[in-house]
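Reader: Hello! I set up ligand calculations for a living, and I would like a close look at one part of this model. Could you walk me through the ligand site and what lies around it?

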Amino acid sequence: MKKGICILGSTGSIGVSTLDVVARHPDQYRVVALTANKNGDLLLEQCLQHRPDYAVLLDTAQAQDFPARLQAAGLTSTQVLSGTEALQKVAVLPEVDAVMAAIVGAAGLLPTLAAAEAGKHVLLANKEALVMSGPLFMQAVARANATLLPIDSEHNAIFQCMPANYRAGSRAKAARRILLTASGGPFLNTPLDQLHDVTPDQACAHPKWDMGRKISVDSATMMNKGLELIEACLLFNMAPDDIQVVIHPQSIIHSLVDYVDGTVLAQMGNPDMRVPIAHALAWPERFESGVAPLDLFAVGQLNFMAPDFARFPCLRLAYQAIRAGGIMPAVLNAANEIAVEWFLDGRLRFTQIPAVIEHTMQQFTADAADSIDHILQADAAARRQARDYIEQLP
Ligand code: NAD
Ligand code: MG
């Protein structure tokens, strides 16, 4: 029996890599739904190749013409939807077995949560959704007996290093520590006094990974590792102090688990997201991803170093947010999304990103995150605070 897949964010970097892997296994997967924000041209191309039952296009102007464009191209079997509720609708369709959550940012929270509540296989790339909703998301997964498979390369690596039959959300008792690797991004060795002037394109030129612009900036500030630290605490039920961030510039080891007997298990591979994507799509089996075998002689060396919190204040802020708990990770995430958006638009300096986040966090107390409504309110309030702060900057 083929499995039905819904790809939330099919036109992004993860979405495109997912379709690349899915296309290698037409005997195992059938594409039920694809969703995009604004890139109607790519969504059209994807629809013609994968013939989904549903295509969701959020941009309302483009969504109006989209059925006619599909028809003109000879595809009449795809139903076009628009509006944010459509994302939730396609994520819970009975014919959908697996949902790839690959929308970037808070916009992915409600459809990803809906997929978890519907008991789907949730392939989680959208780390912001988990960071925001934290224990509530994990409870929804447990309640609905959903299967949560991490796509973030580090978390997928950790998952692979966990004991057999491990399920996300439980604590592997014999696991003492997680070693969460980080490439260090494009500015690992840039003199600190030059960071003030870096441009969005420089920040997005990641040395090892080809990714969307938001996560690329997060990698440059290391907020990406901060969000991943929070993600790891939730997925593997560990305290922040049990997770050590390790800079490993080659990005060949994707993370490690340290066991009480002194065994350390690592997962390695070329830095290509099709590896974790194929792992999660085939789980608990394995199948081909299209990624070349790892050539250790070409890699030569693997290096490791401790992160420098003075260079990467965002990482310190993330530790602070997860220790505070409650709504604070959602506040951190919201302020970061605003700061990165403004930086990418050329309206905020790179070095001002952590200041925006720190200021915003100071405006909130870590109230309990006891409902999704409460989290969405905190998210909206933090966005307002972050914008107000940026607007009064000289
Ligand atoms: P991207 O910017 O390339 O793609 C984002 C996708 O989300 C696009 O399909 C876009 O249409 C859709 N989208 C954007 N805003 C939306 C909105 N408001 N409503 C609905 N859809 C919207 O991003 P990406 O690099 O593919 O990253 C996606 C997620 O995966 C992020 O959460 C990122 O942190 C995570 N992730 C990415 C990588 C990577 O290698 N790219 C690695 C690990 C984790
Ligand atoms: Mg990652």
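How far from an oxygen atom of ligand 1 does a backbone N or O atom of S13 lie?

Author: Happy to help! A backbone N or O atom of S13 lies 2.9 Å from an oxygen atom of ligand 1. That is a polar contact, meaning a pair of N or O atoms within 3.5 Å; within protein, one must be able to donate a hydrogen and the other to accept it, and residues adjacent in sequence count only if both atoms are side-chain atoms.

Some ground rules: this is a predicted model, where local features need pLDDT of at least 70 and side-chain atom pairs pLDDT 80 or more, while totals for chains, interfaces and linings use all residues. Residues are numbered from 1 along each chain as written, chains are lettered from A and ligands numbered from 1 in the order written, and side-chain values use heavy atoms, without hydrogens or water.

Back at ligand 1, G212 also places a backbone N or O atom 2.9 Å from a ligand oxygen, while E128 brings a polar side-chain atom to 2.6 Å from one. Alone, ligand 1 exposes 830 Å², and the protein buries 86% of that (Shrake-Rupley areas with a 1.4 Å probe; for residues, only the protein chains shown count as cover).

There are 22 residues around ligand 1, and T11, S13, N37, E128 and G212 come nearest (a residue is near if one of its heavy atoms lies within 4 Å). This shell holds 11 nonpolar, 8 polar and 3 charged residues; Ala, Val, Leu, Ile, Met, Phe, Trp, Tyr, Cys and Pro count as nonpolar, Asp, Glu, Lys and Arg as charged, and the others, Gly among them, as polar. Helices α1 (13-23) and α6 (127-144) each supply at least two shell residues (helices are DSSP runs of H or I, at least four residues; strands are runs of E, at least two; both are numbered from the N terminus).

Now the magnesium ion, ligand 2. Its protein donors are D152 (OD), E154 (OE) and E228 (OE), at 2.1 to 2.2 Å; donors are N, O and S atoms within 2.8 Å of the metal (3.2 Å for Na, K and Ca), and sites may look incomplete because water is not among the atoms. Since E154 sits in helix α7 (residues 153-161) and E228 in helix α10 (residues 223-235), the pair ties together parts 74 residues apart in sequence. With 8% relative accessibility, E154 counts as buried, and so does E228 at 1% (buried means under 20%, exposed over 50%, partly exposed in between, with a 1.4 Å probe and protein chains only).
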